[in-house]
Each structure stands twice: as structure tokens, then as C-alpha cells.
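Subject: Structure for you to look at

Hello,

Please find the structure below, together with its sequence. My notes come after it.

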Amino acid sequence: MPTDSWATLLVDGQWCSGATAFEVVDPATLEPVGRAADGGARDALAALDAACAVAESWRSVTAEERGGYLRRAAAEIRIRIDALTELLTSENGKPLGEARGELLGSARMLEWSAEEARRAGGRVLPDSPNGPGLVLKAPVGPALAISPWNFPASMLIRKIGLALAAGAPLIAKPAEQTPLIATELVRILQETGLPAGVLQSITTSRPAEVAGALLADPRLRKVSFTGSTEVGLGLLRDTGTHLRRTSLELGGHSPAIVFADADLPAAAAGVVAAKFFNAGQSCIAVNRLYVHRSVHDELLALIEEKVAALRVGHGAAEGTGIGPLIDQSGLDKVERQVADAVSGGAKVRTGGRRWSGPAELKGAFYEPTVLTGVGDDRLITREETFGPVLPVYSFDTDDEVVRRANDTDYGLAAYLFGRDLNRLWTVMDRLNFGVIGVNDPAPVRPELPFGGMRNSGQEREGGAEGIEAFLETKSIAIKL
């Protein structure tokens, strides 16, 4: 896989290098792993020209044919899975097992999207005194997908699959930290024979310039963004004089609730998985763990044992459970939150420091950490952490824990662990979150819609709802 090549711009069916390139580093060692073309506004607008030129012909391609491209790409991802896994880990830092799972999930997402292409129809309404009615679906038009570094394969593929299935040409803008895996996945899709202009990709170290040029052009009809809440809100503010469809998958501050009747060993394993996957750098990672007071100490002991056993190191090393944070700013935020919690009386049960390993591992590593006695007014209780730190709180009543869990501006994911189905159903209904795992630490799959409430986003990706984000609805009244 040619990571030393920087022909990573795909514009109108042609791979090119652009005028300059930027370096991509391994976040564990800070050593270069490749280069990517540094695209700019001119490249972005050329891609939009090509997308507009192909929009009408692509929407006319049958759903079966559009789905065929996606199915062939899914099969190719599985064939190349070993090389793709190594590439993802080299620029993102996550352990190989996590990277492999993300890529296999991406293949499943393409297959799901291929099937959704067939199901994205309208409906015929019953005859009325004035005649029948039709509801038709049409592709939204040229779209822009801005994807993040923490899940650089699955987040991008989810957008690509649904857009192409809907008949909308797409311009991908991968995160500047992880452009190489995105480029290889786009290359796989392009090699299926997609017409020029249907899928394009702009790698860049100047995301504001590229996005700004596209957002200023009224021909761009759709934006799908995954990233921080601050940037997402900015996209909504900067619409200028032209409205366009905007899907936002933003930050989270996920609560996990463990009731007294929970299977405690299973709950401990689930919480650790949901918190420390990708070193906590996930928008659905557990940010607050609420444990019923009667089982608090017992569950805490189980969690501490599991967290202490997590091995920190390079993602490609055998047995690694926690890789590096993506950069120094991420580490600084984690340290700031832990220091603030401790200054307010919190106790560090395990971890709580930067991790120092072999000399070649120069990246931003932090020990997997568990805190107790954290006040509800501390930074870590209010701000998204994006790191391997788990604050644990106790509660006494269902009403209390629901109130505290909902006390956030975010509304992406939440987790419940328990056996009483009446309680689980009642609490699940009262929680203001878009994704809820009930005794399930991984509540994300192609068949389920994914997205949040409040400042965690709008619209959904995945599930039967996902393709709607790339479709417009037409109402047709027929008078006979």
C-alpha cells in the first residue's frame, strides 16, 4: 500500500498530487508514516464542478447498479483487510484489533447502504375527493462529507455509502490527521468503476479553506459533518444566504447507569469496553458512570481490576489495549480535567498520570484512569473528555440518576445495565439521548440509526433513517 505517495486528491476521476504535501505521523512514535496532497480551495471547487456535471446522470443510475458498486467495494475491503488494518493503526494509533473491527464494520455499512438504495422509495397515498397523491424521493444533489480522525474509516464510509446509494455525488474531506486510510478506501470504491465525479476526495491541512470555498457555493446542496460541537454549530451559523441540508454528528457526554440488580461482572466488562475503546477517543465513550450505592464498591473493585490490566503501548504491538491520544492537545485536556477533579476532592483509584514507555514511543500517552468522589460541578462532569479517564459516581434513586444523567447539553449516547425490564424500559424512555445501549457496550450497527439530540447533532446516519439525509421529498397532488 503506497503510503509514501502523496497523490491523494481525487478530482473528476483523476488522482493527483497538488502543489504541496503535508506529513502524516504515527501518533505513538511521532515518526512520519506518509504524505498527503495539501488540497486547497481551487481543488475543492474543481471537485464541485465535476460533481455538478455528473449529478443528473448518477441519479438516473438504477438502485441495483449503485448498490453493486458498494457491494464490490465491501468485498475488496475484506480482501485487503490486513494491509488496511496496519495503515489505520499507523496513522490513528488504535490497537490492531480495534482497527480491524472498524474496517469490517465499514464493509458491513457499504452492504447495508447497497440494500437501502432499493428501499429508498416514496409512497402512494389513498385516493381523496380531489384525486390520489404521491410522495417521491429525489437525491439531494452534490454533497460534502467531513469525517473525523477517531474513526477515520467507519465514519467516512457511512457517509459515502448512504450518499451514493441515494444517488447523490459526494466530495469527501477526511481529517488531516488520518488522510491515508481514507484515501485507500476511496481508492477501493473508485476501482469498482464509479463514473468520474461521483466520488471525490480532498485531503488537506487547511480544512477551513477547503470547506469555506464549498460552503460559499450554492451548488453544494448537502453537508454531512462529524466532529466537535463547536465546529458543527459554526457550520449552521455560516449558511450565508443559501439554505442547504446539514447533518451533524457532534460531541457527547455519555452517562452509564448500573442498577443494583445488574450482572456486575458483565456490567464491569461492558463499562470498561465502552469507556476505553480507542483510548476513550469516541463520541459515545462513557463519560460518567453512575452506580447504585448498594453495589458501588463491588463494581468499582471489578472495574479497577480490569482497568489496571489494560496494557498501554503502540497499537501495532501484541496485547496493546490502550494506544496514544491523537496529539498533545488531547493529552493536555485530559490532564486539565483530572487535575481539576482532584483539586475538588476526587480520588485517583488507578492511573492518573502520563504514561512513559520505551524511548521510541514519544506520543501523547495517558494511563487508563479511574476516579471516585468527583463533584457534579467539576470539568470532567461537564466537558467531553476524549481520553482514558472514567469518573465514577454513586446514586440512590431512579429519579435522581435520570435527572443527573440528563443534566448536560449533549444527547448522543447512554448506557444502562440491569435486569428489571420495567425499570430499564422506564429509564430508557426518560433519557434524552439518541443512542442507548441496554446491557450492550457497543450500540452501533448499520441497521440502527445513529445520531444525537440537543448539542450532539441533528439528523441520523445508518438504519432505515440514514439514507433520508441524502434525499429530498416531493409531494405530488393529482387531480383526475
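The notes below cover one sheet, a helix that lies across it, and one helix pair.

Please keep in mind that this is a predicted model.

The sheet is open and has seven strands, in the order 14-15-16-13-12-17-18, with mixed pairing. Its edges are strand 14 (347-350) and strand 18 (435-438), each of which pairs on one side only. On average, and ignoring direction, neighbouring strands of the sheet are turned by 25 degrees against each other.

Within this sheet, strand 12 (residues 254-258) pairs with strand 17 (residues 413-417) in the parallel sense, over three bridges. Phenylalanine 417 in strand 17 is the bridge partner of valine 258.

Helix 13 (residues 398-406) lies across strand 12, strand 13 (286-292) and strand 16 (389-395). Relative to strand 16, helix 13 runs at about 145 degrees.

The helix pair is made up of helix 3 (residues 81-92) and helix 6 (residues 179-190), whose axes come within 8 Å and cross at roughly 150 degrees. Angles over 145 degrees count as roughly antiparallel, so helix 3 is roughly antiparallel to helix 6. Helix 3 contributes Leu84, Leu87, Leu88 and Glu91 to the contact, and helix 6 contributes Pro179, Leu180, Ile181, Glu184, Leu185 and Ile188. Of the residues in this contact, eight are nonpolar, two are charged and none is polar.

Regards

Note on methods: Residues numbered from 1 in each chain as written. Predicted model: local features only at pLDDT ≥ 70, side-chain atom pairs only at ≥ 80, totals over all residues. Heavy atoms only, no water. Pairing = 2+ DSSP bridges. Helix = DSSP H or I, 4+ residues; strand = E, 2+ residues; numbered from the N terminus. Axes fitted to C-alpha atoms, helices over the stretch in contact; angles between N-to-C directions. Contact = heavy atoms within 4.5 Å. Parallel < 35°, antiparallel > 145°, perpendicular 65-115°, else oblique. Nonpolar A, V, L, I, M, F, W, Y, C, P; charged D, E, K, R; others polar.
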